[in-house]
Amino acid sequence: MASSLGKLAHTLKQPMTERLVKTADTILQRNADPPREKVFEAAAQAWAEQRMLRLRYQGLDSSKPYADTLAIYLIEPSP
């Protein structure tokens, strides 16, 4: 996750770069969660490449997951 934010920071201008670096530092101080990191990396890559993100989601009250596609490039990253 921190690596993805670092890569994004190199392509963006201030003040977003500074925010992403601070967020990456905060993430590095947390405990590792590989499955969550994999999801975040896919979302960050889709955002950076302005691509659609396909995912499977299961809500708390749902008995089975469903597939969906998101326009992740419309989301603005923030700490």
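1. Let's start at a small detail: just after α3, Q50 takes a positive phi of about 50°. Keep in mind that this is a predicted model, so the confidence values in point 2 deserve a look alongside the geometry.

2. On confidence, the protein chain averages a pLDDT of 79, and 78% of the residues score at least 70. Among the elements, strand β2 (residues 66-70) comes out highest, with a mean pLDDT of 93. Helix α1 (residues 2-11) sits at the other end, with the lowest mean, 69.

3. Back to α3, the helix that Q50 follows. Helix α3 covers residues 34-48, 15 residues in total. From first C-alpha to last, α3 reaches 21 Å, close to the 21 Å expected at 1.5 Å a residue.

4. Which residues of α3 are buried? They are A43, A44, A46 and W47. Looking down the axis of α3, these fall within an arc of 160°, so they line one face of the helix. The general background is that an α-helix has 3.6 residues a turn, so residues three or four places apart point the same way. On the other side of α3, P34, P35 and K38 are exposed.

5. For ring contacts, the structure holds one aromatic pair. Y57 and Y66 form that pair, and its arrangement is edge-to-face. The centres are 5.9 Å apart, with 75° between the planes; over 60 degrees is what counts as edge-to-face.

6. Are the two tyrosines tucked away? Y57 is partly exposed, with a relative accessible area of 43%. Y66 counts as partly exposed too, at 43% relative accessibility.

Technical notes: Residues numbered from 1 in each chain as written. Predicted model: local features only at pLDDT ≥ 70, side-chain atom pairs only at ≥ 80, totals over all residues. Heavy atoms only, no water. pLDDT = per-residue confidence, 0-100. Helix = DSSP H or I, 4+ residues; strand = E, 2+ residues; numbered from the N terminus. Expected span 1.5 Å × (residues − 1). Buried < 20%, exposed > 50% of the residue type's maximum accessible area, 1.4 Å probe, protein only. Arc of directions from axis to C-beta. Phe/Tyr/Trp six-rings, centres within 6.5 Å; stacked < 30°, edge-to-face > 60°.
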